[in-house]
Amino acid sequence: MSDIEVKIIQNTREFASLCKDWERLLEQSPVKSAFLTWEWLFGWWKVHQENRRLWLIAAWRKGELAGVAPLMRERRRKFGLSLRAVVNLGAPQSDAGGFLFKDENVLFHLWSRLAQNREEWDMIELNEFARNGAEMQFLRGELAKTDFLWREEGNVHYFIPLEETWDKFSGRLARKFRYNLRRALRLAEEIGPVEICHYSGEQVTWEVFNTVVQINRHAHYPRLYNSQTEQALIRALIDQPQPKQGWLDVYLLRVNGEAIAYEYGFQYEKRFEDWRSGFDTRFPSNISVGKLLAMEVVQQCIREGYTEIDFLRGDETYKQEWEPLQREFASLRVFNRKSPPAVAAHLWLEKVKPLLKKQPAGQKREKAQTENQPAA
């Protein structure tokens, strides 16, 4: 008889009660990220729970929390089909996913409970799991033993390890890029003093973040923070009790006393997870504000003893200029063979989508409009 007890938590009150146990478990879990903290996931859930059902699969060993699969259920329209989906809690905003667990035996019980409840889902979608992590290796092995249909797709996250000093770090950058960084700083200093202001943890108030909102009104995506839901998420994160490991990290770039750019994310174990950034496009276009902001953030992180800046998802060109290293991540889709819509969705991915890649661009755009639509 197993000494592990597994339960599916489906109400917010029980989720709230896990705060301290969750933090202790995350410290012992092989995958660590601010996106797996109780603070991020609970804050996200409070704001985004409409039309979704909480589905935390939690495991206890001798009364101690030993594993959590942070999941939720929702109705998704994908590939032109309406599917009952089990997905990462926090999707699509979370840039890192994973299960919390102490050992593979716990991981086995989390997966078993998920698989045993197959009558309640058509598809499982696990996004941004470490491709070579214990979860993915375990899940591949287990799926090979079952009749589930499944598909894995990979991507990379770029990151830069930091050195003890800026001179030592910048020495590995391309000469032309170093010149462009110095040029951006010199041109900005002709306008006035350049200052990077760093706010972390309890220092991040709504007043601080409201500066981000004001800058973003003149950035490339001005509507980003016009959404009441987006602002509610930030307020929820600010209002959460601050975790021991750290929390929100906000950097504001000021030139001649005026805030012109922002970069923010999360600090976890002296690693800055760089989530979003933007700058005022009214600032003189001959100054590379994006490069200037990034340089000032890197220098500040070095001064404060951070060990790494993680650029998270996306393969944007600017990341390559920093000579980053990379980590492999994957998204895993599991389809319930007993569900006709799930089988059809798998067939679409395996057979139809590859053919569409050969179609003219206009036909592809028309087809894309039918994918990933929210269910009515």
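Author: In this predicted model, Ala, Val, Leu, Ile, Met, Phe, Trp, Tyr, Cys and Pro are counted as nonpolar, Asp, Glu, Lys and Arg as charged, and the others, Gly among them, as polar.

Reader: With those classes in hand, what makes up the lining of the largest pocket, by class?

Author: The lining of the largest pocket has 16 nonpolar, six polar and nine charged residues. The volume of this pocket is about 890 Å³, and of the 31 residues that line it, those closest to its centre are Arg-276, Ser-277, Gly-278, Glu-316 and Tyr-318. The elements that contribute two or more residues to the lining are strands E10 (258–268), E11 (271–279) and E12 (308–312), together with helices H10 (289–303) and H11 (317–320). Among the five residues closest to the centre, Arg-276 and Glu-316 count as charged, Ser-277 and Gly-278 as polar, and Tyr-318 as nonpolar.

Reader: Why is Glu-269 called partly exposed, and where is Glu-269 found?

Author: Its relative accessible area is 34%, and partly exposed is the class between under 20%, which is buried, and over 50%, which is exposed, so Glu-269 is partly exposed. Glu-269 is found in the loop between E10 and E11.

Reader: What sign does phi have at Glu-269, and what makes that worth a remark?

Author: The phi of Glu-269 is positive, at about 55°, although this residue is not a glycine. The remark is made because most residues other than glycine have a negative phi. Glu-323 also has a positive phi, of about 50°, and is not a glycine either; Glu-323 is found in the loop between H11 and strand E13 (325–335). With a relative accessible area of 40%, which is neither under 20% nor over 50%, Glu-323 is therefore partly exposed.

Reader: How do you know that the peptide bond that joins Ala-91 and Pro-92 is cis or trans?

Author: Omega is about 5° there, and the bond between Ala-91 and Pro-92 is cis. Most peptide bonds are trans. Pro-92 is found in the loop between strand E4 (81–88) and strand E5 (100–101).

Reader: Asn-88 lies in strand E4; how do you know whether Asn-88 counts as buried or exposed?

Author: The relative accessibility of Asn-88 is 7%, and since buried means under 20%, Asn-88 counts as buried. Leaving aside residues up to four places away in sequence, Asn-88 touches Pro-70, Leu-71, Met-72, Gly-97, Gly-98, Glu-125, Leu-126, Asn-127 and Phe-129.

Reader: Why does Ile-57 count as buried or exposed, and which residues does Ile-57 touch?

Author: Ile-57, which lies in strand E2 (residues 52–61), has a relative accessibility of 0%, and this is under 20%, so Ile-57 counts as buried. Not counting residues up to four places away in sequence, Ile-57 touches Val-6, Lys-7, Ile-8, Gly-67, Val-68, Ala-69, Leu-71, Leu-110, Arg-113 and Leu-114.

Reader: Why is Glu-64 put in its accessibility class, and which residues does Glu-64 touch?

Author: Glu-64, whose place is in strand E3 (residues 64–78), has a relative accessibility of 42%, a value between 20% and 50%, so Glu-64 counts as partly exposed. Glu-64 touches Gln-28, Ala-59 and Lys-102, again not counting residues up to four places away in sequence. The C-alpha atoms of Glu-64 and Asp-21 are separated by 7.8 Å, although these residues are 43 places apart along the chain.

Reader: What makes Pro-30 count as buried or exposed, and what is Pro-341 by relative accessible area?

Author: Pro-30 lies in the loop between helix H2 (19–28) and H3, and at 53% relative accessibility, which is over 50%, Pro-30 therefore counts as exposed. Pro-341, found in helix H12 (residues 340–356), has a relative accessible area of 30%, which is not over 50% and not under 20%, so Pro-341 is partly exposed. Pro-341 touches Leu-81, Ser-82 and Leu-83, not counting residues up to four places away in sequence.

Reader: At what angle do helix H3 and helix H9 pack, and which residues make the contact?

Author: Helix H3 (residues 38–48) and helix H9 (residues 228–239) pack at an angle of about 145°, with their axes 9 Å apart. The contact is made by Glu-39, Trp-40, Gly-43, Trp-44, Val-47 and His-48 of H3, and by Thr-229, Ala-232, Leu-233, Ala-236 and Leu-237 of H9. By class, this contact has seven nonpolar, three polar and one charged residues; Gly-43 is one of the polar residues because Gly is placed in that class.

Technical notes:
Residues are numbered from 1 along each chain as its sequence is written. This is a predicted model: local features need pLDDT of at least 70, side-chain atom pairs count only at pLDDT 80 or more; totals for chains, interfaces and linings use all residues. Side-chain values use heavy atoms; hydrogens and water are left out. Axes are lines fitted to C-alpha atoms, for helices over the stretch in contact, and angles run from 0 to 180 degrees between N-to-C directions. Helices (H or I, at least four residues) and strands (E, at least two) are DSSP runs, numbered from the N terminus. Contact means heavy atoms within 4.5 Å. On a 1 Å grid over the protein atoms alone, a cavity is a set of points where a 1.4 Å probe fits but cannot get out, and a pocket is an open set with protein on both sides within 12 Å along at least five of seven lines; lining residues have an atom within 4 Å of a point. Grid points are joined across faces, edges and corners, and a volume is the space filled by probe spheres set on the points. Buried means under 20% relative accessible area, exposed over 50%, partly exposed in between (1.4 Å probe, protein chains only).
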